[in-house]
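User: Please take a close look at one part of this model, the salt bridges. I would like one connected account.

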Amino acid sequence: MQLVVGRIGRPHGLRGDVSVEVRTDDPEERFAPGSALATNPASAGPLVVGSRRWHSGVLLVRFEGVDDRDRAEALRGVMLVIDSADIPPPEDPDEFYDHQLIGLTVLTPEGERVGEVSDVLHHGQDLLVVRRPAGEAYVPFVKALVPVIDLDGGTLVVDAPAGLLDPDTAV
């Protein structure tokens with residue numbers, strides 16, 4: 001699975017630097033000089049980071065072979081991607097990457113299948129979006145409500161109070 005780590009924005013200056021909208025929690029590693037990044041569309045890459053620097057809170061990157069403003073402008077909008085297999089697992093056993101959770105089957109504590117995780121939202125509190133036959137449900141991603149995550153088995157358990165997964169059953 002490909003994960004987006006950045007999106008190329010507008011050129012900066014005349015020598016080929018581009019702004020990058022960072023979409024990774026580790027930009028220092030992902031955009032280290034010498035790093036090769038695949039692209040979407042694939043025809044734009046791969047791109048090798050020649051240099052990088054921060055300017056007024058914006059990451060500026062110069063890619064090898066992109067040495068003028070016109071070449072930089074041609075990259076505008078290109079997504080920079082990595083393969084999820086290249087990411088080491090988190091050290092904390094209670095920490096997960098979004099791509100590890102998306103697609104897991106959601107079970108009740110009794111083992112009843114209630115849906116599938118279709119997305120993970122980060123809006124103040126992490127929320128699992130559970131796709132159900134009756135529509136989507138939003139489950140706060142906290143240990144009290146999601147006590148078991150079995151990545152190898154492809155499942156997670158949601159111990160939800162009445163009405164969380166099915167608003168029609170609210171008390």
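Analyst: The salt bridges are taken up here together with the strands that carry them.

This is a predicted model, in which local features need pLDDT of at least 70, side-chain atom pairs count only at pLDDT 80 or more, and totals for chains, interfaces and linings use all residues. Residues are numbered from 1 along each chain as its sequence is written, and side-chain values use heavy atoms, with hydrogens and water left out.

Six strands form a closed barrel in the order β1-β2-β5-β4-β3-β6, with antiparallel pairing. Strands are DSSP runs of E, at least two residues; helices are runs of H or I, at least four; both are numbered from the N terminus. Two strands pair if DSSP finds at least two bridges between them. Strand β1 (residues 2-12) and strand β2 (residues 17-22) run antiparallel, joined by five bridges.

The structure holds nine salt bridges. Each is a side-chain nitrogen of Lys or Arg within 4 Å of a carboxyl oxygen of Asp or Glu.

R7 stands opposite E21 in β2. Their side chains meet in a salt bridge (3.6 Å, N to O). R7 lies in strand β1 and E21 in strand β2, 14 residues apart.

R53 and D17 also form a salt bridge (3.3 Å, N to O). R53 is in strand β4 (residues 47-55) and D17 in strand β2, 36 residues apart. D17 counts as buried because its relative accessibility is 7%, where buried means under 20%, exposed over 50% and partly exposed in between (1.4 Å probe, protein chains only). R53, at 40%, is partly exposed.
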